[in-house]
Amino acid sequence: MRRLIAAGFGVAIIVIAAVLLWPASTAGLVLYAALDYAPAMGKAFTKKTGIPVRVIRLSTGALLARITAEGHHPDWDIGWFDGATAAVSLDQAGLLAHGLRPPVQLTATGRSMLPPDGAYVPTGFTLAGVFVMNKSSTLPPPTTWDDLAAPPYHGVVGMNDPAISGPTYPALAGMLKHAGGWPQGKGFITALKANGLQVFAKNDATLAALRNGTIKLAIVQSSAAVNAANNIDHDLTVIYPRPAYVLPNVIVLPKGLHGRALREAKAFIAFAESPAGQAIRKHEGEGDSYYWPVTARSAPRHALPALTTLDLATLDATRWGAREKSVLAWFAHAIDGAGS
Amino acid sequence: MKFGAAGLRAAIMAGLIATFFVYPLVRLLVMPFLSGHGAAGNWPAFVVSLLLSVGTAIIAAPLGAVFALFTTMAEGPVARAATLTLWGLFLTPSYMLTTGWMIIFSSHALRATLAGQAFFGVGGLLMLYVVKALPFSALVARATLAAADSAPAEAAAIHGVPFILRVRIGLRLLAPSIAVGFAIAVIETMQEFGIPATLGVTSHVPILTYAIYQHLAETPTDFAGASILCWRLIAVAAVFGGLAMACRRQGAAIQHGRMRPPARQRPTLRRELAFAALTGLFALVGIVIPVVALFVRALQPLAASMPHAGAVLRSLGFGMVGATMSLGVAVLILRLRAAGARRMIAVLDVALVANMAVPGLVLGAGYIVAFNNDFLPLYGSRLLLLIGYTAGMAPLALRMMQGALDDLDPNLVAAARLHGLPRLTRLVDIEGMLLIRPFTYAYLLVAAAIMFELPVSELLYPPGATPLGVAIVTLDQMSDYAASARLALFGLAAMAGLALVLAAGVTLLAAPRRLRPA
Amino acid sequence: MSAALAIEGVAVQRGGRLIVEEAALSLSPGECVVLAGESGSGKTSLLRVIGGLNRPARGTIRIAGVVVDDAAATFIRPELRGLGMVFQDFALWPHLSVLENVAVVIRDRVGRERKALALLDQFGVASCAGRLPATLSGGQQQRVGLARALAAAPRLLMLDEPFSSLDVETRETLRTELRALIVETGLGAICISHDPADIARLADRVALLEDRRLTSCTTPDAMFARPATPYAARLAGLCGGVEVEVRQAGSDAAIVLGSALLAIPGGGARLAGAAQALLFWPRGALALAAEGVPATCIGAHFEAGHWQALLRLDGLAAPVPVQCTSPPPRGAVALNVASDRLHLFPSSPPG
């Protein structure tokens with residue numbers, strides 16, 4: 001009896017260990033994705049092509065850190081996330097494959113996002129930072145970034161931490177660029193800090209702070225803002241700053257990907273840009289479904305304003321990607337105060 | 001000494017230690033020298049953390065000594081409740097404690113109060129740190145006290161030594177306990193990761209462990225910079241660890257062979273009440289308030305979905321397998337010790353002390369650097385995560401198993417051998433059954449520690465297999481406290497379930513067959 | 001017929017220090033050797049080496065004619081040596097019932113419990129079969145211990161101070177039972193003890209472990225007649241131990257006892273000049289008398305049917321106990337000394 005129970009326990013541990021450690025199927029593609037629609041896209045792609053896709057959902061920050069840590073021994077075949085600047089950072093570290101072909105029928109905005117070496121493919125875009133307020137708020141709605149340094153906004157503005165929230169660096173870069181570039185723009189951010197700027201971890205945390213009254217104005221990514229205003233709290237309203245900085249979502253492939261895996265990964269890129277793929281992204285993408293396509297074959301969701309009504313600006317991904325490390329280090333030191 | 005099975009075991013053990021402890025640490029710690037990375041910055045995080053740790057220890061060490069004194073000397077319900085509270089505080093993962101308090105201060109009204117302001121600054125950190133450090137200093141002080149003899153104090157009383165002198169004798173007995181408690185509190189606080197990781201950027205105080213984590217797992221990653229910070233963390237552990245050892249030795253010098261532990265006495269009502277208030281305060285701040293907050297928020301049907309639900313069972317599995325591996329390593333080491341491989345024992349002791357000075361965060365960082373190459377491409381695998389857990393928990397497992405073995409009468413095992421019992425019978429029916437209760441206790445403790453582990457998990461979890469701690473902290477960062485509270489409570493329930501199943505199993509196993517003689 | 005146990009040239013180390021050297025001992029089936037020695041003399045270590053729980057540094061151990069350990073390549077594990085052992089603290093497995101404690105040791109699975117019950121019955125504890133050891137008295141536990149030792153069908157019985165945890169009455173009964181058992185089963189037995197009663201009731205021979213060596217291995221009556229060392233003398237029942245001065249008186253030695261000089265036959269120059277420990281038989285060696293060596297009685301107590309006077313003699317550092325039939329008077333008394341009942345030993349051992 002004792003031996004039976006002891007053996008039973010031993011077998012149970014071995015079974016659990018086997019289940020935990022059983023190697024995942026190596027067939028097919030491993031997709032590291034920071035976008036809500038990735039799992040649905042993976043399934044649809046497998047259904048269409050028969051190529052299995054293992055989708056690993058990560059936050060943008062965790063995804064980028066993970067790709068960096070894996071370095072030249074990547075466990076991934078496709079990376080899909082927000083931020084051309086981040087892609088440039090990875091490329092400058094020598095981690096990305098080059099020569100990816102751009103999608104067909106690119107829009108003008110889409111063309112403006114193309115990298116010279118084909119290190120990433122833009123698959124759509126959101127806006128790096130928009131303003132979200134309560135409709136009932138007595139705060140005057142700001143129109144441009146400069147307004148935020150004014151007295152009415154003292155102590156009521158919150159943004160994400162660019163070290164944790166991947167899509168926030170482009171927003172920060174946009175603010176810096178608007179204020180004269182790097183390092184001249186530092187003064188503006190320091191002025192915001194002096195005006196009581198608060199920093200939260202990610203979009204959700206900043207929006208939660210807005211809803212519970214800790215702040216009165218949140219600077220978050222447009223997709224999170226529109227999703228919150230349309231699906232979570234109808235009392236919220238989104239204000240598009242002038243200018244609003246374009247945040248491309250991009251697909252990257254690891255350096256050294258070759259043969260069948262490379263062919264299959266390219267097939268996935270094509271599927272992501274196809275009308276069928278874009279339809280899935282818009283219907284099963286939760287917050288991330290609020291993006292503007294970069295191909296002429298697809299239209300954005302209705303809740304999004306027409307691009308013609310916005311004052312769009314793009315960031316030079318190469319230049320701002322190269323600066324990312326120093327900008328973030330400065331921000332962590334001067335603004336966060338935490339961690340560094 | 002013959003080179004036989006013990007020699008082989010020693011060689012395997014040495015290989016494991018070299019591969020999974022020495023090599024990754026060396027790889028990590030030589031990085032700044034190889035890369036010529038001169039980022040000697042980040043001093044604020046170090047200085048602030050050190051000041052906070054010392055401040056925490058200044059508060060926690062005397063309180064810990066008081067707890068230790070009361071729980072070893074006094075009898076009655078208050079002393080028992082105090083012991084229970086200490087273990088409760090010890091076992092509550094720091095990020096759950098922090099999550100509970102963050103839930104409370106997530107309301108804007110409370111956040112705006114003076115208490116709210118303080119919570120997200122040094123005050124909050126100090127409170128949480130003291131709550132977490134208290135059980136460490138108290139339990140360490142208790143171990144030192146339990147080994148102390150009552151005779152000097154009694155002799156002083158009988159021989160009519162004046163009161164002041166008696167107090168001095170008492171203090172001399174107590175001083176090593178307080179000093180050891182102080183050193184341990186500094187080390188534990190310095191290495192604490194769950195609290196700053198949960199507070200994250202909402203706390204505007206730079207903390208060393210969180211800075212290390214940011215260098216490793218957030219953009220931009222900077223391994224050499226992390227390595228420099230790790231050096232500082234280890235240096236503090238080494239300095240205060242040395243202090244603790246010196247104090248313990250000092251404590252041992254005033255003990256002698258035949259000792260009688262102090263007799264428990266019912267304390268005076270006034271003392272009992274005062275101590276009840278102190279215990280109540282810590283139970284409230286460290287257990288009751290955060291757990292109630294978790295419960296209340298978990299019940300809110302704000303968002304009925306529970307993201308990362310799979311993390312509960314996954315981490316339970318990690319805990320069970322990891323605990324098996326840790327205890328396996330512990331048993332292997334103890335057998336090596338028993339076999340008396342002297343050089344091996346010395347190596348093991350050094351490795352164990354070093355392992356205690358190296359927090360999971362540093363070990364995890366070493367693993368990322370060391371196991372991401374063509375020879376050992378383990379990074380990103382569940383196996384490496386499990387090995388990381390095992391390496392981190394082996395000292396705890398070892399201490400617990402050592403205690404169990406020390407309590408076991410060696411003659412019981414000798415009797416089984418001398419009377420010719422087959423190996424399996426000895427292993428299962430005799431040794432196994434004799435050790436099953438302490439073994440199960442150690443197993444549950446290690447399994448729980450792994451299930452709720454944070455730093456190694458954060459750094460080493462394979463994509464797509466988020467462990468429980470990471471899931472909870474991630475949800476905290478998204479301010480989804482309802483989901484994080486639910487996850488935490490489900491985790492606790494799962495662990496309680498495992499404990500119940502194992503307890504039932506043990507009862508079933510250990511019950512003697514009460515035969516009616518024919 | 002080969003010896004139940006034979007050890008030759010055995011050396012035992014503990015903590016890197018040699019604690020037993022050149023031990024040699026042989027015991028026949030049906031014979032009981034009591035291994036005596038002071039605390040820490042290495043008795044238990046030697047027994048553990050015989051059992052195979054530790055290895056010897058040198059020497060050979062044979063059990064029933066088979067070499068079980070030669071301190072080199074040959075080593076037969078304890079579980080294969082065919083031993084039965086009775087422990088001082090019983091060492092019954094606390095989580096097993098009494099019956100299981102005995103049954104688990106029986107190799108043959110067929111009829112295990114019946115055989116175990118029969119053994120328990122033999123030792124009078126069959127009624128406790130279903131109970132846990134902790135619920136038994138010390139005597140009952142040791143009976144179970146004996147039953148367990150026999151259940152292993154051993155070729156050699158080892159006993160490590162088997163009665164020291166028991167009360168006087170239980171000791172007496174169990175000693176007799178054990179003696180009968182050894183004689184009737186024809187088992188060889190080696191028993192560690194420092195109780196003179198164990199030697200008297202159990203031992204065919206006594207082996208003394210003193211100063212790292214097995215100093216003598218002799219029958220109890222030989223040990224009583226000519227105790228070779230102070231320790232053997234005390235085991236034999238001699239008392240005293242006070243240091244005396246010895247002078248040469250012709251071919252004899254003479255001890256200085258107070259103001260008197262007492263001749264010790266045959267000592268001569270061998271003893272003279274050195275300080276010696278004086279041990280004597282409690283009865284007949286020293287007696288209060290009308291005249292003799294002057295002494296002072298400083299007190300008395302009643303012990304085991306006799307009065308015991310404490311006498312101070314000039315020149316002796318410690319008082320001397322003397323048996324007498326009635327309460328002795330306090331103050332000046334005279335002491336009659338029968339010098340043939342005195343034994344002198346060098347007061348500090350040689351070497």
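Domain bounds here come from an automatic or database domain assignment. The structure is a predicted model, in which local features need pLDDT of at least 70 and side-chain atom pairs count only at pLDDT 80 or more, while totals for chains, interfaces and linings use all residues. Residues are numbered from 1 along each chain as its sequence is written, and chains are lettered from A and ligands numbered from 1 in the order in which they are written.

**Exercise 1. State how chain C is divided into domains, and give the separation of their centres.**

Solution. Begin with the bounds: domain 1 of chain C covers 5-225, and domain 2 covers 238-346. Then take the centres over C-alpha atoms, which places domain 1 of chain C and domain 2 of chain C 40 Å apart.

**Exercise 2. Work out which chains touch, and describe the side of chain A that touches chain B.**

Solution. The term needed is contact, which holds for two residues if their C-beta atoms, placed from the backbone, lie within 7 Å. Two pairs of chains touch, and the pair A and B has the most contacts; chain A and chain C do not touch, their nearest C-alpha atoms being 12 Å apart.

Next, count the residues: 48 of chain A are in contact with 48 of chain B. Elements are named from DSSP runs, numbered from the N terminus, with helices being H or I of at least four residues and strands E of at least two. Among the elements of chain A that each supply at least two residues to this side are α3 (60-70), β7 (198-200) and α12 (317-336), but α1(A) gives the most, with ten residues.

Finally, sort by class, where Ala, Val, Leu, Ile, Met, Phe, Trp, Tyr, Cys and Pro count as nonpolar, Asp, Glu, Lys and Arg as charged, and the others, Gly among them, as polar. The side of chain A that touches chain B then has 25 nonpolar, twelve polar and eleven charged residues.

**Exercise 3. Describe the contact between chain C and chain B, and follow β6(C) from that contact into its strand pairing.**

Solution. The contact takes 28 residues from chain C and 22 residues from chain B. On the chain C side, β6 and α2 (98-103) each supply at least two residues, and β6(C) gives the most, with three. By class, this side of chain C divides into 17 nonpolar, six polar and five charged residues.

To judge burial, call a residue buried if 20 or more other C-beta atoms lie within 10 Å of its own, exposed if 12 or fewer, and partly exposed in between, with C-beta atoms placed from the backbone. In a regular strand the side chains alternate between the two faces of the sheet. Strand β6 (residues 83-86) of chain C has both faces covered, with C:Leu83 and C:Met85 buried on one side and C:Gly84 and C:Val86 buried on the other.

For the pairing, two strands pair if DSSP finds at least two bridges between them. β6(C) pairs in the parallel sense with strand β7 (residues 156-160) of chain C over four bridges, and C:Gly84 stands opposite C:Leu157 in that partner.

**Exercise 4. Give the strand order of the open five-stranded sheet of chain C, and explain why its edge strands have a free side.**

Solution. The order is β13-β12-β11-β14-β20, with antiparallel pairing. Because β13 (260-264) and β20 (342-346) of chain C stand at the edges with a single partner strand each, one side of each is left without a neighbour in the sheet. Within the sheet, β11 (residues 239-249) and β12 (residues 252-257) of chain C run antiparallel and are joined by five bridges, with C:Val246 opposite C:Ile255.

**Exercise 5. Determine how β16(C) pairs with β17(C), and describe the turn between them.**

Solution. Seven bridges link β16(C) to strand β17 (residues 306-312) of chain C in the antiparallel sense, and C:His301 has C:Gln308 as its bridge partner. The two strands form a hairpin with two residues between them, and C:Ala304 in the turn has a positive phi of about 50°.

**Exercise 6. Decide whether helix α1 of chain C is mostly covered or mostly open, and look just past its end.**

Solution. Helix α1 (residues 43-51) of chain C is mostly covered, since seven of its nine residues are buried. Among them are C:Lys43, C:Leu46 and C:Arg48. Just after α1(C), C:Gly52 takes a positive phi of about 90°.
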